[in-house]
Amino acid sequence: MIRVLAADGMEASAVKTLQDRGFQVVQEYFELEDLKKQVQEFDVLVVRSATKVRAPVIDAALETGKLKMIIRGGVGVDNIDVEYAESKGIKVFNTPNASSASVAELAIAHMFSLARYIYISNVTMREGKWEKKQYEGTELCGKTLGLVGFGRIAVETAKRAKALGMDVAYTNRSGPVNGYDDYRYMPLDELLRAADYISLHVPGSEDGKPVIGREEIGKMKDGVFIVNTARGGVVCEDSLLDALDSGKVAGAAIDVFSEEPTENERLYTHPKISLTPHVGGSTAEAQERIGNEVVEIILRNS
């Protein structure tokens, strides 16, 4: 019997499908030392973002040689030492298509929240305040959206922004992407200067250096809005907070944090930040698609 450890949980219908096919599925989160022991007894390890699969976990799995596959239920695989795992004969997969629409919709939702002060007026009204004059917002239509990175999620974000009447520009490490003539390609520095809204869609760097730090923020328009639904650490939190305090950045939306759960009180109490607790892919539809993709990967490779 093939045993599957879903360390960060799995959608119920996906679990049932695997069980009906004769797989044993265990859904349980383990801290590092326990995970190193448990992973030795499973053929497949399925994780989301909470569980980190680094070299010590992989080395522990190699002691029995049972683990053949690691699957990340989501887009990025930066919580897995992919090259190391594959060099040891363990296949690594992700589900890149499943949550793209959900994350894109959250990015757009945060832009609306910032533009119309939804995030803060919802708080102040619950405090009995009627601050109508302070919440004169702006429209997204006619504004320039700059996408840093142009993978699947950024493409889905671009489609939705274009439908709202935004002028969409993007930058990409590999240069312009064929087939997307509705959107303008710009080098990063040019995009930073031109955009009214900047949305991050890049993985975390291996050296941990932020893509957007103090220097990059300095190149932006005064009153820019920054949205990060990508990865914690992509935007330097301290630099962002300083720019919000100075007024250089008018507002920010953050779904991902350098440390999760974040303990940065200055960040989570800031009146110019729209916050969500890493829920980009947390929709019923995305979870079902992720579950289906995970099942397909397991069945195809077992």
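This is a short dialogue on reading the features of a predicted model.

Visitor: Where do I start? What secondary structure does the chain hold?

Guide: Start with the inventory. The chain has 12 helices and 12 strands.

Visitor: How do I judge the overall shape? What radius of gyration does the chain have, and what would a compact globule have?

Guide: Compare the value with the globule rule. A compact globule of 302 residues would have a radius of gyration near 19 Å. The chain has 21 Å, which agrees. Then look at the spans. Along the principal axes, the C-alpha trace extends about 65 × 50 × 35 Å.

Visitor: How much of the chain is buried?

Guide: Burial is read from relative accessible area, with under 20% as the cut-off. By that test, 47% of the 302 residues are buried. The accessible surface comes to about 14,900 Å². Carbon and sulfur atoms account for 49% of that surface.

Visitor: What share of contacts joins residues at least 24 apart?

Guide: Take contacts between residues at least 6 apart in sequence. Of these, 62% join residues at least 24 apart.

Visitor: And charges? How far apart are the mean positions of the positive and negative charges?

Guide: Average each set, then take the separation. The chain has 36 positive and 45 negative charges, and their mean positions are 3 Å apart.

Visitor: Now a single helix. Why do residues three or four places apart point the same way?

Guide: An α-helix has 3.6 residues a turn, so residues at that spacing share a direction. Now take helix α10, residues 237-246. Its buried residues are Glu237, Ser239, Leu240, Leu241, Ala243 and Leu244.

Visitor: What do the buried residues of α10 pack against?

Guide: Their partners are helices α9 (214-218) and α11 (265-268), with strands β10 (224-228), β11 (249-254) and β12 (273-275). Check the end of the helix too. Just after α10 comes Gly247, with a positive phi of about 95 degrees.

Visitor: Which residues of α6 are buried?

Guide: Helix α6 covers residues 118-126, and Tyr119, Ile120, Ser121 and Thr124 are buried there. The buried residues of α6 pack against α5 (100-115) and β12. Gly128 follows α6, and its phi is positive, near 85 degrees.

Visitor: Which residues other than glycine should I check for positive phi?

Guide: Look at Tyr117 and His278. Tyr117 has phi near 60 degrees. Tyr117 sits in the loop between α5 and α6. With a relative accessible area of 27%, Tyr117 is partly exposed. His278 has phi of about 55 degrees. The loop between β12 and α12 (284-301) holds His278. His278 is also partly exposed, at 26% relative accessibility.

Visitor: What about omega? Where is there a cis peptide bond?

Guide: Scan the bonds that lead into proline. The bond from Glu260 to Pro261 is cis, with omega near -5 degrees. Pro261 lies in the loop between β11 and α11.

Visitor: How many disulfides does the structure hold?

Guide: Look for cysteine sulfur pairs within 2.5 Å. The structure holds 0 disulfides. Accessibility is a separate reading. Cys141 is partly exposed at 47% relative accessible area. Cys236 is partly exposed at 23%.

Visitor: One last residue. Where is Asp189 found?

Guide: Place the residue first, then read its accessibility. Asp189 is in helix α8, residues 188-194. Asp189 has a relative accessible area of 33%, so it counts as partly exposed. Then try a distance. Gly9 is 180 residues from Asp189 along the chain, and their C-alpha atoms are 41 Å apart.

Terms used: Residues numbered from 1 in each chain as written. Predicted model: local features only at pLDDT ≥ 70, side-chain atom pairs only at ≥ 80, totals over all residues. Heavy atoms only, no water. Buried < 20%, exposed > 50% of the residue type's maximum accessible area, 1.4 Å probe, protein only. Helix = DSSP H or I, 4+ residues; strand = E, 2+ residues; numbered from the N terminus. Rg over C-alpha atoms; globule rule 2.2 N^0.38 Å. Contact = heavy atoms within 4.5 Å. Areas by Shrake-Rupley, 256 points an atom, 1.4 Å probe, with all protein chains shown as cover. Lys, Arg positive; Asp, Glu negative; His and termini not counted. Charge placed at Lys NZ, Arg CZ, Asp CG, Glu CD.
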